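Thanks for coming. I have one structure to go through today, so please look at it on the screen while I talk.

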Amino acid sequence: MKTVIQIAVALAAALLGAWLLPRYLELFTLINATVFVSMGLLALSLGLIWGFGGILCFGQTAFFGIGGYTYAVAAINFGDTTLAVPLALLLSTAVAAALGYLMFFGRISDVYMGVITLTTTLILFKFANSTAGDEWNIGSAPLGGFNGIPGTPPLNFPFDPADQLAPDQVFVVAVICLGVCYALAKLILRTRFGRVAVAIKENELRAELLGYDVRLHKLGLFAFGGFLAGLAGVLFANCVFVSPTMFSLSYAGQVIIWVLVGGIGTLVGPVIGCMLIQALTTYAGTLSSIDPNLLLGVLFMLSVVAVPKGLLPTASNLLARLRGRGDA
Amino acid sequence: MDYAVVVALQIVSGVATLVIVSLGLAVVFGMMRVINLAHGEFLMLGGYTAILSYGHGINLWLSILLLPPIAVGLIGAVVERLLIRRLYGRMIDTMLATWGLSLAFIGGVTMLFGNSVTGISAPFGSFAVGRFHVAGYDLFLVAASVVMSLVIWVVLKFTPAGLIARGTMQNAEMAAALGVAPDRVYAMTFAAGAALSGLAGGLIAPVSGVLPTMGTAYIAKAFITVITGGAAMLTGTLVASGLLGTVSTVFTFLTTPVFGEVALLAVAILLLRLLPRGITGRFLRRAL
């Protein structure tokens, strides 16, 4: 019942946002908001696999970038984004599944897993950076090295390449995607598969002794995380454009910070953490005296040392305690 | 024939570079089980120390061999005191906090020195092998990697300090009962690891150039090397460097440097699939 209410509230909020915000925000702010929403989806993907699957993936940006790049390359080649989107989702899910297979079936401990996923995204970053020049064209799409693909085509209505979505329509699509993905994640956690995944996170050995296939469940959750991150990449490609930055260390780091600040073990927390910190870094970017990396790094350290549980759980604990005192 | 000699030299110097950039990390991870994601930035700070002191007219050898380990060792001691000490035993939190540290160092250095590449020209010039030229500094790096490994081995194996450090890492409570202060041993070990990273930064500064984000180029390789090496930190790091360095250099020769790195990663992931506890988890278990 609680899940149903949460999903209903989230979907209502998404619809309200999608209906209301384009009326009141300027175009520039709206495009920025679309970036925030796509990042929020990325945060949701990590919040799901880390908070509920106990899989510490430092390179969630790998699937984010692969989603974005696949979408851009396919859309340029097909001249139509209808098939580019499923292709991007398929590829990012498949890469996550392949990497997950090597990690989970190799029974690598979570610390090594963090390092391997981080290395994966860094290698992709270097690879994408080195793809300048004509020999790196895929079909008619140049990968463009450091500059990325500036002419990433925006989404169009299915099978109608001429009818491209305007930025405010992209925003609506993004917000609805975020709401639906949240609902999907909540629903998955309610299924038998989701419960087993959470049980594995709580006590891997016990779950295994009870006869559940730990490796397969982790793999499934990880692949779904790759799917969500890939979708986030597609949305991001729609409002900015794809470039190697999508794989970069600072993005990979930021995702972790969002989840950490928002609260591990919740799904809304990471999205809220993402929005707050995005707003903060956007603001810090306008200050010329402080480097945004410095600010992020200090925030990161502080949140590990001072608020290890994250904002949302800490806040709700505080609220519960205050309420408890009120009753007494 | 000449070509074969050149390729062989490149492989040896590729392996040596991998050893140099990994040792500091191997000491901190192998001894303390602390994953220091700011390792790359310790290299970077070592590089900046070398560049700045050389720029102020200090002798080249002092600037790359002596000052970087001292400066970064001190920074490491401060970091241990302020950050790492609060998080012992919480492996994931340590990783996250040192990642924050790494971002903060990158941001801070960018603010201080700007986001541009500076460099020192490598000493020794080059010498001829038949039709080819080989940089003399590459051979110096090979020698440096051998000396660094030997010093670590001798210190850990034959000095009282090394014995106390190894004992504390094996059983901190027992060491404390015998009158050793584990806190101080941890602090010294972390500072020593940082000093090694600083030295590595000074050593590679003439070949790689120095910029705020240079650490990210090495961190992935260093980690993969240490983890592929497994439990025995020195032997593991040397064996893994030998293997991965060879693979990456051979692929660099066959294709491009980027594919050299991709091959390194791919081999490492496959190795971890076969030997999840690293090379020394299966072979050479009793080595140091």
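What should the 19 residues of helix α3 of chain A span, at 1.5 Å a residue? Keep in mind that this is a predicted model. The expected span for α3, residues 60-78, is 27 Å. The C-alpha atoms at its ends are 27 Å apart, which agrees.

Staying with α3(A), 17 of its 19 residues are buried, so the helix is mostly covered. After α3(A) comes A:Gly79, with a positive phi near 70 degrees.

Now the contact between the chains. Chain A puts in 33 residues, and chain B also puts in 33 residues. On the side of chain A that touches chain B, at least two residues come from each of α5 (110-129), α10 and α12 (292-306). Sorted by class, that side of chain A has 22 nonpolar, eight polar and three charged residues.

Let me take one helix pair from it. How do α10 of chain A, residues 249-262, and α4 of chain B, residues 91-113, cross? Their axes come within 11 Å, at an angle of roughly 130 degrees. That angle makes α10(A) oblique to α4(B), because only angles over 145 degrees count as roughly antiparallel, and 65 to 115 as roughly perpendicular. The crossing of the two is left-handed.

Which residues make this contact? From α10(A) they are A:Ser250, A:Gly253, A:Ile256 and A:Leu260, and from α4(B) they are B:Leu96, B:Trp99 and B:Leu103. On spacing, residues three or four places apart in an α-helix point the same way, because there are 3.6 residues a turn. By class, the contact of α10(A) with α4(B) has five nonpolar and two polar residues, and no charged ones.

How values were computed. Residues numbered from 1 in each chain as written. Chains lettered and ligands numbered in written order. Predicted model: local features only at pLDDT ≥ 70, side-chain atom pairs only at ≥ 80, totals over all residues. Axes fitted to C-alpha atoms, helices over the stretch in contact; angles between N-to-C directions. Helix = DSSP H or I, 4+ residues; strand = E, 2+ residues; numbered from the N terminus. Parallel < 35°, antiparallel > 145°, perpendicular 65-115°, else oblique. Left-handed = near helix turned anticlockwise from the far one by under 90°. Contact = placed C-beta atoms within 7 Å. Nonpolar A, V, L, I, M, F, W, Y, C, P; charged D, E, K, R; others polar. Expected span 1.5 Å × (residues − 1). Buried ≥ 20, exposed ≤ 12 C-beta atoms within 10 Å, placed from the backbone.
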